[in-house]
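Okay, thanks for coming, everyone. I've got one structure to walk through today, so let me put it up and we'll go straight in.

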Amino acid sequence: MTSRQQGRRAVVTGLGVVAPNGVGADAFWKATRQGVSVLDRISREGCTEIPLKVAGEVRQFDPRSVIDSRFLVQTDRFTHYAMAAADLAVADAGFRPDREQPFAVGVVTAAGSGGGEFGQRELQQLWGQGPKFVGPYQSIAWFYAASTGQISIRGGYKGPCGVVASDEAGGLDALAHAARSIERGTDAVVVGAAEAPLAPYSMVCQLGYPELSLSDQPDAAYLPFTAQACGFAPAEGGAMLLLEDEQSARRRGATIRAHLAGHGATFTGASRWEQSRNGLAAAIRIALDEARTAPEEIDVVFADALGVPAADRAEVLALADALGPDAERVPVTAPKSGTGRAYCGAPMLDVAAAVLAMEDGVLPPTPNVTEVCHDLALVTDRARPAELRTALVLSRGLMGSNSALVLRRGELP
């Protein structure tokens with residue numbers, strides 16, 4: 001981080017969640033801590049005849065209750081989730097945008113597929129009724145950058161804005177991008193990812209992923225690190241954080257919830273899961289080095305947990321390569337086995353869970369998983385109390401990106 005200004009570092013002051021197991025950080029954490037699984041048969045209109053049967057749906061969310069109608073008509077479901085989560089994060093931080101210099105506040109999001117539901121509807125209008133029936137917002141609502149743009153417009157944030165397109169790992173990479181912006185002088189960044197892949201067109205596109213689980217049994221569709229692993233169940237939703245410069249946050253009396261200590265990213269190629277061992281291990285080493293953290297200081301790992309045997313094996317070996325003997329004792333968890341894998345939103349939900357776990361002193365379990373077939377200290381059955389000072393969050397994308405993030409508990413130096 002050679003461009004870091006003296007004394008500037010990014011901290012988490014606000015957290016907003018829109019997830020299948022709860023809207024808002026409190027509801028999300030209660031369900032995550034209890035190991036509640038909300039995976040179920042897909043109920044969304046037009047989706048029930050598609051071979052993909054099980055996913056994590058956000059069922060208790062009405063965008064009309066939190067987003068002005070003029071923004072709703074311009075945007076897809078994935079942006080509704082992102083805007084709502086951004087509002088929750090800003091409110092959680094006690095951040096008052098109207099009291100801030102607008103050019104000192106930025107926005108960064110990550111997205112894997114954009115607005116498939118909106119795009120499908122408009123294309124059906126085009127082919128069914130003609131071009132005059134296609135709305136003007138088709139040009140922007142499907143675009144993967146839509147969430148960044150809309151959050152920036154609604155909040156009046158005119159600082160550095162961006163969109164990270166680096167596969168599912170983009171959720172973690174967006175945090176690193178935002179942290180570097182803060183280190184270079186930006187005071188605050190609204191950052192995160194939310195996805196909405198449960199629409200007919202989007203689901204048909206996902207059928208091309210060999211890693212996708214086509215099981216029709218909710219309790220068996222996503223079982224990472226087990227002999228029964230048959231791929232991943234997708235999900236919608238995600239999380240947004242408010243990152244601030246630590247000194248600026250302390251001046252306004254904000255609570256420091258976590259420190260972004262280090263990040264590493266590599267690339268190993270699409271579906272090359274054996275090779276992801278080396279790539280993920282390298283990303284972990286880079287993150288540890290940047291955080292100036294020894295392997296023995298890691299108290300918990302939030303795993304990528306793809307649920308594909310070769311990928312799970314590679315992740316276990318990557319942890320062994322990067323952490324050495326400490327890999328055998330460090331607790332590992334994968335809460336997403338109970339909610340589904342929300343693409344770019346998945347690692348952001350893991351980051352939210354990691355922050356809350358460190359605050360609460362609790363290791364959340366891996367839902368539905370009982371018998372682990374790898375040499376891994378996976379947390380199963382129920383939550384466990386633990387002193388958590390430092391967490392490692394991992395993410396890999398189907399197209400080959402690998403990312404690792406080191407978080408420290410808020411009150412630590």
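Let's start at Met-203, which sits in helix H8. Keep in mind as we go that what's on the screen is a predicted model. So, is Met-203 buried or exposed? It's buried, because its relative accessible area is 0% and the cut-off for buried is under 20%. Who does Met-203 touch, once you set aside neighbours within four places in sequence? You get Ile-42, Cys-47, Ile-50, Leu-52, Pro-197 and Leu-198. And to give you a feel for distance, Met-203 and Ser-139 are 64 residues apart along the chain, with 21 Å between their C-alpha atoms.

Now follow the chain out of H8. The loop between helix H8 (200-206) and strand S8 (237-245) holds Ser-213. Ser-213 is buried too, because its relative accessible area is 1%. What does the side chain of Ser-213 have around it? A polar atom of that side chain lies 2.8 Å from the backbone oxygen of Ala-221. The backbone nitrogen of Ser-215 is 3.4 Å from a polar atom of the Ser-213 side chain. Again leaving out neighbours within four places in sequence, Ser-213 is in contact with Leu-52, Ala-221, Cys-230, Gly-231, Phe-232 and Ala-233. You may remember Leu-52 from a minute ago, since Met-203 is in contact with Leu-52 as well. For distance here, Ser-213 and Ala-141 are 72 residues apart in sequence, and their C-alpha atoms are 28 Å apart in space.

Stay in that loop between H8 and S8, because Phe-225 is there as well. The backbone is what caught my eye: Phe-225 has a phi near 65°, which is a positive value in a residue other than glycine. Phe-225 counts as buried, because its relative accessibility is 1%.

Asn-368 also has a positive phi without being a glycine, near 75° this time. You'll find Asn-368 in the loop between strand S12 (362-363) and strand S13 (384-385). Asn-368 is partly exposed, because its relative accessible area comes out at 30%.

Okay, empty space. Rolling a probe the size of a water molecule over the atoms shows where empty space is left. How much space lies in the largest pocket? About 510 Å³. Of the 27 residues lining the largest pocket, the closest to its centre are Gly-112, Ser-113, Gly-114, Cys-205 and Tyr-209. Helix H4 (116-129) and H8 are the elements that give two or more residues to that lining. By class, the lining of the largest pocket has 13 nonpolar, 11 polar and 3 charged residues.

How many cavities of 30 Å³ or more turn up in a search of the whole structure? There are 2. The largest cavity has about 110 Å³ of space. Its lining has 15 residues, and Phe-28, Pro-335, Lys-336, Thr-339 and Asp-350 lie nearest the centre. Helix H1 (25-34) and helix H12 (345-360) each supply at least two residues of the lining. By class, the lining of the largest cavity has 8 nonpolar, 5 polar and 2 charged residues.

Next, helix H11, residues 309-323. Here's a quick sanity check: at 1.5 Å a residue, its 15 residues should span 21 Å, and the end C-alpha atoms are 21 Å apart, which agrees. Which residues of H11 are buried? Ala-310, Ala-311, Asp-312, Ala-314, Glu-315, Val-316, Ala-318, Leu-319, Ala-322 and Leu-323. An α-helix has 3.6 residues a turn, so residues three or four places apart point the same way. The cover over the buried residues of H11 includes H10, S10, strand S11 (332-333) and strand S14 (390-396). Just after H11, Gly-324 has a positive phi of about 65°.

Last stop, Thr-293. Thr-293 is in the loop between helix H10 (273-291) and strand S10 (300-302). Thr-293 counts as buried, because its relative accessibility is 7%. Which side chain does the Thr-293 side chain make a polar contact with? Arg-408, at 2.5 Å. Leaving aside neighbours within four places in sequence, Thr-293 is in contact with Leu-288, Ile-298, Thr-390, Val-406 and Arg-408.

That's my tour, so over to you for questions.

Note on methods. Residues numbered from 1 in each chain as written. Predicted model: local features only at pLDDT ≥ 70, side-chain atom pairs only at ≥ 80, totals over all residues. Heavy atoms only, no water. Helix = DSSP H or I, 4+ residues; strand = E, 2+ residues; numbered from the N terminus. Buried < 20%, exposed > 50% of the residue type's maximum accessible area, 1.4 Å probe, protein only. Polar contact = N/O pair within 3.5 Å; in protein donor to acceptor, adjacent residues only side chain to side chain. Contact = heavy atoms within 4.5 Å. 1 Å grid on protein atoms, 1.4 Å probe; cavity = no way out; pocket = protein on both sides within 12 Å on 5 of 7 lines; lining within 4 Å. Points joined across faces, edges and corners; volume = space filled by probe spheres on them. Nonpolar A, V, L, I, M, F, W, Y, C, P; charged D, E, K, R; others polar. Expected span 1.5 Å × (residues − 1).
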